[in-house]
Amino acid sequence: MILFPAIDLKDGQCVRLKLGDMNQATVFNDDPAAQAKSFEDQGFEYLHVVDLNGAFAGESVNGAAVESILKAVNFPVQLGGGIRTLDHIEAWLDKGLARVILGTVAVRDPELVKEAAKKWPGQVAVGTDAKGGMVAVEGWAETSELSIVELAKRFEGAGVAAIIYTDIDRDGILAGINWDSTLDLARSTSLPVIASGGLASMDDIERMTRPEYQVLEGAISGRALYDGRIDSREALAKLRAA
């Protein structure tokens, strides 16, 4: 069970959004590389990064900040937000990313995702962001008519490394992860599932140690780590002992 600390980038700064709203951003650090190094020093083994501006623009916007992170740390980094083409994917993997996360393009062009997963096995994940159980795209600005389970089934056997499921209605408000729908998704697909959106407290960490939650690859935490609701060392020790 992997606990991924999250760095969300907006205008070169580490922020957390409330309910996916770019106008409700709290800045936690104006030095993303220093924040990433801090997470590595705390004992985390994998970093989750999102280029929020890029998700809306459809191309990399915070590329310089991501590159500074990659130079500052030695643990693997996964990145989502604005990665829409094979050239985008190749460029980022060449710069040292461990894994790219494809969201909007997974809905718009699933064949591209399958081609990428085949070309770069283990390095392509799908980001499934949902409002009311339906997949949202274009930086969460639009909701599609595709359910999260339907999206996951598109990529069965395609070599996709993981599905990252975010419940936008829980994201950034410390309401707790939508465990029911996350576990339903994990049980409906053979793909590894990573929970995201709303991890709120050590109670959530405790829940993740239970046998029925071992179907998940891990979970992503943002605001709760930044404001101290989750003690990183205690959380990592609990998950490693499970």
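Phe39 is a good place to start: with a relative accessibility of 3%, this residue counts as buried, because the cut-off for buried is under 20%. Phe44 is buried too, with a relative accessible area of 3%. Please keep in mind that this is a predicted model. The points below follow the aromatic rings, then a lysine over a tryptophan, and finally two polar side chains.

**Aromatic rings**

- Searching the whole structure turns up five aromatic pairs.
- One of these is formed by Phe28 and Tyr226, which are stacked, with 4.8 Å from centre to centre and 25 degrees between the planes.
- This pair brings together distant parts of the chain, as Phe28 belongs to strand β3 (residues 21-29) and Tyr226 to helix α10 (residues 223-226), with the two residues 198 apart.
- Phe28 has a relative accessible area of 28%, so this residue is partly exposed.
- Tyr226, by contrast, is buried, at a relative accessible area of 18%.
- Phe39 and Phe44 make an edge-to-face pair, because their planes stand at 90 degrees, with the ring centres 5.7 Å apart; the edge-to-face label applies to planes over 60 degrees apart.
- Taken together, Phe28, Phe39, Phe44 and Tyr226 are linked by ring pairs into a cluster.
- If you are looking at these rings in the viewer, remember that a pair of aromatic rings is described by the distance of the centres and the angle of the planes.

**A lysine over a ring**

- Trp92 has Lys95 over its face, at 5.1 Å from the ring centre.

**Thr166 and its polar partner**

- Thr166 sits in strand β10, which covers residues 163-167.
- Is Thr166 buried or exposed? Its relative accessibility is 6%, so Thr166 counts as buried.
- The side chain of Thr166 is joined to that of Asp129 by a polar contact of 3.3 Å.

**Ser181 and its surroundings**

- Ser181 is found in helix α8, made up of residues 179-188.
- With a relative accessible area of 17%, Ser181 is buried, since the limit is under 20%.
- Which side chain shares a polar contact of 3.0 Å with Ser181? The partner is the side chain of Tyr165.
- Leaving aside residues up to four places away in sequence, Ser181 touches Ile148 and Tyr165.
- Tyr165 therefore appears twice around Ser181, because this tyrosine is a residue that Ser181 touches and also the partner in the polar contact, where a polar contact means N or O atoms within 3.5 Å.

How values were computed: Residues are numbered from 1 along each chain as its sequence is written. This is a predicted model: local features need pLDDT of at least 70, side-chain atom pairs count only at pLDDT 80 or more; totals for chains, interfaces and linings use all residues. Side-chain values use heavy atoms; hydrogens and water are left out. Helices (H or I, at least four residues) and strands (E, at least two) are DSSP runs, numbered from the N terminus. Buried means under 20% relative accessible area, exposed over 50%, partly exposed in between (1.4 Å probe, protein chains only). A polar contact is a pair of N or O atoms within 3.5 Å; within protein, one must be able to donate a hydrogen and the other to accept it, and residues adjacent in sequence count only if both atoms are side-chain atoms. Contact means heavy atoms within 4.5 Å. Rings of Phe, Tyr and Trp (its six-membered ring) pair if their centres lie within 6.5 Å; planes under 30 degrees apart count as stacked, over 60 as edge-to-face and the rest as tilted. A charge sits over a ring if NZ of Lys or CZ of Arg is within 6 Å of the ring centre and within 35 degrees of the ring normal.
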